[in-house]
Amino acid sequence: MLMAHPAVLQELLRRYEELRARYGGGDEGLARSLEDVTYTLCVSTGTRDIAAALVVAREQVQRSAPRGKAPRGKAPASASVPA
């Protein structure tokens with residue numbers, strides 16, 4: 001199976017968390033963005049639901065981090081995922 005680059009996963013995780021924090025229902029644009037990033041996380045991790053996708057993505061990011069260092073908070077600009 002192909003694996004997404006850790007920086008891409010990190011950016012998807014960041015976007016998912018940001019959208020979840022902002023989502024309160026009623027905003028169709030925000031709901032669509034949340035659906036899109038949820039779908040992309042699932043596809044990128046080979047999972048079928050967001051709970052599993054979050055676990056897999058976080059594990060892959062963690063494994064890719066240099067030993068002794070936590071993953072950085074922001075992915076490089078070249079690794080960003082279009083909205």
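**Exercise 1.** Which side chain meets that of glutamate 18 in a salt bridge of 2.8 Å, N to O?

*Solution.* The structure is a predicted model, so the contacts discussed here are computed from predicted coordinates. The partner is arginine 14, whose side chain meets that of glutamate 18 at 2.8 Å, N to O. Next, place the pair in the secondary structure: arginine 14 and glutamate 18 both belong to helix 1 and lie four residues apart, which is about one turn of the helix. Finally, consider exposure: glutamate 18 has a relative accessibility of 34% and counts as partly exposed, and arginine 14, with a relative accessible area of 30%, is partly exposed as well.

**Exercise 2.** Starting from arginine 14 and glutamate 18, trace the salt bridges along helix 1 and identify the network that results.

*Solution.* Step one goes towards the N terminus from arginine 14, whose side chain also meets that of glutamate 11 in a salt bridge, at 2.6 Å from N to O. These two residues are three apart in helix 1, and therefore separated by about one helical turn. Glutamate 11 has a relative accessibility of 8%, and because buried means under 20%, this residue counts as buried.

Step two turns to glutamate 18, with which arginine 22 forms a salt bridge whose closest N and O atoms are 3.3 Å apart. Arginine 22 and glutamate 18 are four residues apart in helix 1, so about one helical turn separates them. The relative accessible area of arginine 22 is 51%, and this residue is exposed because the cut-off for that class is over 50%.

Step three joins the pairs: through shared partners, the salt bridges link Glu11, Arg14, Glu18 and Arg22 into one network. The count of salt bridges for the model comes to six.

**Exercise 3.** Describe the largest nonpolar core, and then examine the contacts of leucine 41 within the fold.

*Solution.* Begin with the membership: the core holds 14 residues, of which Leu13, Tyr16, Val37 and Leu41 touch the most other members. Helix 1 (6–22), helix 2 (28–45) and helix 3 (50–64) each supply at least two residues of this core. In soluble globular proteins, nonpolar side chains tend to be buried together.

Then take leucine 41 and set aside residues up to four places away in sequence; the residues that leucine 41 touches are Leu12, Leu13, Tyr16, Thr47, Ile50, Ala53, Leu54 and Ala57.

Terms used
Residues numbered from 1 in each chain as written. Predicted model: local features only at pLDDT ≥ 70, side-chain atom pairs only at ≥ 80, totals over all residues. Heavy atoms only, no water. Core = buried A, V, L, I, M, F, W, Y, C linked by side-chain atoms within 4.5 Å. Buried < 20%, exposed > 50% of the residue type's maximum accessible area, 1.4 Å probe, protein only. Contact = heavy atoms within 4.5 Å. Salt bridge = Lys/Arg side-chain N within 4 Å of Asp/Glu carboxyl O.
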